[in-house]
Amino acid sequence: MKILFIIPPSSGHRRIVRNIDCSHESKADYLWQPNDFLILSSFAVPGDETALIDGTADRLSDSEFRQQYSVEKPDIIFYAFSFVCWETDLAYFSQIRAIFSETPIFVIGDIFLEQDYRELILKSCEGIVFVPYLIDLKKMAGAKGARGKLDLQGVCTAAETVPFKKPKHVMRIKRNTPRHELFQKKGYIFPFAKRFRFATVTTMWGCPFLCAYCSDSNISPVVSSREDVLIELEHLREMGVTELFFADKAFGFPKENIRPLLKEMAERFRFSWTCYFHPQLYDPELLEAMRDAGCHTIIIGIDSANIPSLALYNRHVNKDKVEALVAHADRLNISVCADLILGLEHETLSDVEKTIGYALSLPLDFASFNIASPLPGSVIRKKVLKEGRLSFGEGGFDTSGKTGIIGSSRIDSETLRKLRTKAILKFYLRPSYLMRRLRKTGSLEHLQIQLLQMIALLKGALGQTEKK
Ligand code: SF4
């Protein structure tokens, strides 16, 4: 069987990450590996051929993109959409659908968390993959001519249009090793990596937490066995990869899986790596085990200076725990990137200014200032749709705010844009901050990655134009 993965070009070569849960445009100059496709590639068996055309990573022109896919003879195609550039992704998809009229095509994309978009795309594809770890590739490849009529696990079809049928609980699965070789493109850059060459590994897909402003609050966690992750790590070592990004939304969950994994990583491997880490999962022993296993950077959601107020959105985090985590990471020399959200519906201008001040007061290494956005499946989107401030077909809103800011009922979009720019400049241009980063930058390659990202971040913040 030949399996073809396709990511379309992005207009203006924008670095857009297309995912099932949350797509976004790069806030600096990075582009993640397409993690959902990586997971899907682990269903290929020996003898199967796999190919990847990534028009965004390879910065393909329309004609180069067409040239690449027209020579392929796949048995099944996976195609990625993003909410950020829905219109152009749909136009490329229509061209591909016309050429491969007899080949089963399955799509992924955060935009399909919404029913209207699901219904539209299901008229012209075999299904929408929502839980990549549950698919039956053979059955899907045999879906030729049965467009949308099959009942497939982990996939929405015309026969089953609800993406997540089960209540939120942890699923455990066995899986193979993804075809990492396919995803070693130069165009993929991870902003916190110490080396340009890296690989993405997932021990848990989905999220056990329920923050209502996040698309992932809809997605039940699926956990890989420790044995499968260790086999994958062996494979990556054989490939000569030394830098990893653990793409779990909350690394460290479930604890009984992660503790023994970290122990084996510390004993058997010498990877250096980054992960998302949820402050509620923090305990000193776990953080130290992560450091011993090679973790050099954690990305944590702080979101607001008024942490208790986030309970309004089902996010329950203890402020003392956040501060203890940040201080402990600082002592262990683990870098911390904090995610912060500007413009949540309940917040005033002064609240947002406090959040920026809070970020400046903590010993952080990076701060990702996100604009509260109407992400598919989020409460913010439901609200603005209900109020008629957004309608079907209108996309382009992600947390970078580069191509559109919806604003809240208390703070308008232009003020939010200015606040984000101010926050970035204030945070990253402090002499003490620059000295801190220089102290933590251990090689010329690491310095090059950091400089590229910082220049792009500052240029992006200063050059942002208002769309709405
Ligand atoms: S913990 Fe993070 S990924 Fe999970 S629902 Fe909350 S914001 Fe989303």
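These exercises work through a predicted model, from domains to sheets, helices, ligand shell and backbone details.

Residues are numbered from 1 along each chain as its sequence is written. Because the model is predicted, local features need pLDDT of at least 70 and side-chain atom pairs count only at pLDDT 80 or more, while totals for chains, interfaces and linings use all residues.

**Exercise 1. Domains**

Task: State which domains the protein has, and describe the side of domain 1 that touches domain 2.

Solution:
- Step 1. Take the bounds: domain 1 covers 2-156 and domain 2 covers 190-463. Such bounds come from an automatic or database domain assignment.
- Step 2. Place the two parts. Their C-alpha centres are 26 Å apart.
- Step 3. Count the contacts. 26 residues of domain 1 are in contact with 27 residues of domain 2 (contact: C-beta atoms, placed from the backbone, within 7 Å).
- Step 4. Find the elements. Strand 3 (24-25), helix 1 (35-41) and helix 3 (86-99) each give two or more residues to this side of domain 1. Helix 1 gives the most, with 3 residues. Helices (H or I, at least four residues) and strands (E, at least two) are DSSP runs, numbered from the N terminus.
- Step 5. Sort this side of domain 1 by class: 14 nonpolar, 4 polar and 8 charged residues. Ala, Val, Leu, Ile, Met, Phe, Trp, Tyr, Cys and Pro count as nonpolar, Asp, Glu, Lys and Arg as charged, and the others, Gly among them, as polar.

**Exercise 2. Two open sheets**

Task: Give the strand order and the edge strands of the sheet of 6 strands, then of the sheet of 3 strands.

Solution:
- Step 1. Read the order of the 6 strands: 10-13-14-15-16-17, with parallel pairing. Strands pair if DSSP finds at least two bridges between them.
- Step 2. Find the edges. Strand 10 (199-201) and strand 17 (366-371) each have a single partner strand, so one side of each lacks a neighbour in the sheet.
- Step 3. Add the twist. From one strand to the next, the twist averages 20 degrees.
- Step 4. Inspect one pair. Strand 16 (335-342) and strand 17 run parallel and are joined by 6 bridges. Ala338 stands opposite Ala367 in strand 17.
- Step 5. Turn to the 3 strands. The order is 9-12-11, and the pairing is mixed. Strand 9 (171-173) and strand 11 (204-205) are the edges, each pairing on one side only.
- Step 6. Inspect one pair here too. Strand 11 and strand 12 (222-224) run antiparallel, with 2 bridges. Met204 has Val223 in strand 12 as its bridge partner.

**Exercise 3. Helix packing**

Task: Describe how helix 7 and helix 8 pack.

Solution:
- Step 1. Choose the descriptors. Two packed helices are described by the angle between their axes and the distance between the axes.
- Step 2. Apply them. The axes of helix 7 (255-268) and helix 8 (284-292) come within 8 Å and cross at roughly 30 degrees. Axes are lines fitted to C-alpha atoms, for helices over the stretch in contact, and angles run from 0 to 180 degrees between N-to-C directions.
- Step 3. List the residues. Arg259, Leu262, Lys263 and Ala266 of helix 7 meet Ala289, Met290 and Asp292 of helix 8.
- Step 4. Sort them: 4 nonpolar, no polar and 3 charged.

**Exercise 4. Ligand shell and backbone**

Task: Sort the residues of the shell around the ligand, then locate Pro254 and His13.

Solution:
- Step 1. Name the shell. Cys207, Phe209, Cys211, Cys214, Asp216, Ser217, Lys249, Ala250, His278 and Gly301 surround the ligand (C-beta atom, placed from the backbone, within 6 Å).
- Step 2. Divide it: 5 nonpolar, 3 polar and 2 charged.
- Step 3. Locate Pro254 in the loop between strand 13 (243-246) and helix 7. The peptide bond from Phe253 to Pro254 is cis, with omega near -15 degrees.
- Step 4. Locate His13 in the loop between strand 1 (2-7) and strand 2 (16-17). His13 is not a glycine, yet has a positive phi of about 55 degrees.

Methods
Contact = placed C-beta atoms within 7 Å.
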